[in-house]
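Please open the model in a viewer and set the display to cartoon. The stops below are given in the order in which to select them.

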Amino acid sequence: MNSDRTAEAPADLGGVESNYAWARLVASLAISTTGAVGLWSVVVVLPAVQAEFAVGRGSASLPYTVTMIGMVLGGIMMGRLADRFGIVIPVVMGAVSLAVGYLAAAFSESLWQFAAVHGVFIGFFGSSAMFAPMMADISHWFLRRRGLAVAVTASGSYLAGTLWPPVVAHLVESVGWRQAHVTIAIVCLVVILPLSLVLRRRAPVLDDAAQEAAASAATNRLRGLKPASLQGVLMLAGLACCAAMAMPQVHIVAYCGDLGYGSTRGAEMLSMMLGFGIVSRLASGWVADHIGPLQTLLLGSAMQALTLFLFLPFDGLASLYVISALFGLFQGGIVPSYALVVRQYFPPAEAGIRVSLVISATIAGMALGGWMSGAIFDLTLSYQAAFLNGILWNVGHFGLAVWLLWRLQARLLAASPA
């Protein structure tokens, strides 16, 4: 008997870690990669939109911020829908909404229209369904390799960041940013809707005895730490780490433009950053399966802080390529670690909503960090202070991760026989 799921079904019946589970993982990765375009397209078109609507850098960052806010709120709603009805309904809703949103964005006549469309259709109803709910859903289909499976699904957002920025940058240069949005709308419908059919099967269901046993085991692992307290600390940590993470990811294209290297170079750096982030996420999944998700979270936080610091003294073209690659390689495993912590310390029946809450906090951190970096640039006309701001947020995250690991480990040692 599996303490987290019922007895594993044979491979031909599509049970936990069956052949079907692996096929579902591949489909989930493809859907996440396509649907996460909402995270990255607005970053690439930021300079063009700023010039089109004649606004400052902080104002031009607003569409990204409201997209992230939409994903924060929409992710929670989509997580609840997935828990109740399965993942297919959120995915189909997301695909249609992305198509509508990108078409509407293509015909926006003001920055406020552009931002509103991104917040409602692309963020709230669109990309929100393709991230946290997908991670929670795939976690039910794996046990021994759960860390790897969740990391693969989470890699969809970074794979999107690797593939989409160069494509969008090319479209912007060749046909303009408006036609680029029309193209994205078509791709979302053509790719996501057929793949959603693979996800129609519901996850193996726990019987009442297994539900009770899993809930009891999760409570014991907390060792006296209240579930609400752990949830709150995880959400605060997610906010802090991604407020720091947002500085390079959101502004690297604009930063390269300011340094005279051009937006295309910046898009290449973003693509490299996220490409190495994929490697990091896959490796972190394997590491988490061996040393634990909290330890993996702490390691990622320390390495992210180091690479953020490197942006301060080095701004040469070659240096920025190297640092961007290192940044992706060191920080990519942080976000999926949160989902694994939730699955370790909370009952499986609560996975959808609790994973969505924590991941939504990380998205809120991206939104906050993206906006703050733009606002700080407008005040100082430099990104140096913005990088320092990111480092301070990272230090706060590291402190939270250390406290959480110490608290849970201390409880575990106190409860263990001498």
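The tour begins with model confidence and then turns to two helix pairs.

This is a predicted model, in which local features need pLDDT of at least 70 and side-chain atom pairs count only at pLDDT 80 or more, while totals for chains, interfaces and linings use all residues. Residues are numbered from 1 along each chain as its sequence is written, and side-chain values use heavy atoms, with hydrogens and water left out.

Colour the chain by pLDDT (the predictor's confidence in each residue, from 0 to 100). The mean for the protein chain is 84, and 89% of its residues reach 70 or more. Next select residues 1-13, where pLDDT stays under 50. Where pLDDT is low, the predicted coordinates should not be read in detail.

Now select helix α12 (residues 227-258) and helix α13 (residues 263-291), whose axes come within 6 Å and cross at roughly 155°. Helices are DSSP runs of H or I with at least four residues, numbered from the N terminus; axes are lines fitted to C-alpha atoms over the stretch in contact, with angles from 0 to 180 degrees between N-to-C directions. The two helices are therefore roughly antiparallel (angles over 145 degrees). To see the contact (heavy atoms within 4.5 Å), show P248, Q249, I252, V253 and C256 of α12 with S263, G266, A267, M269, L270, M273 and L274 of α13.

Finally, add helix α14 (residues 293-310): the axes of α13 and α14 come within 7 Å and cross at roughly 130°. Here the contact joins S284, V287, A288 and I291 of α13 to P293, Q295 and T296 of α14.

Terms used. Parallel < 35°, antiparallel > 145°, perpendicular 65-115°, else oblique.
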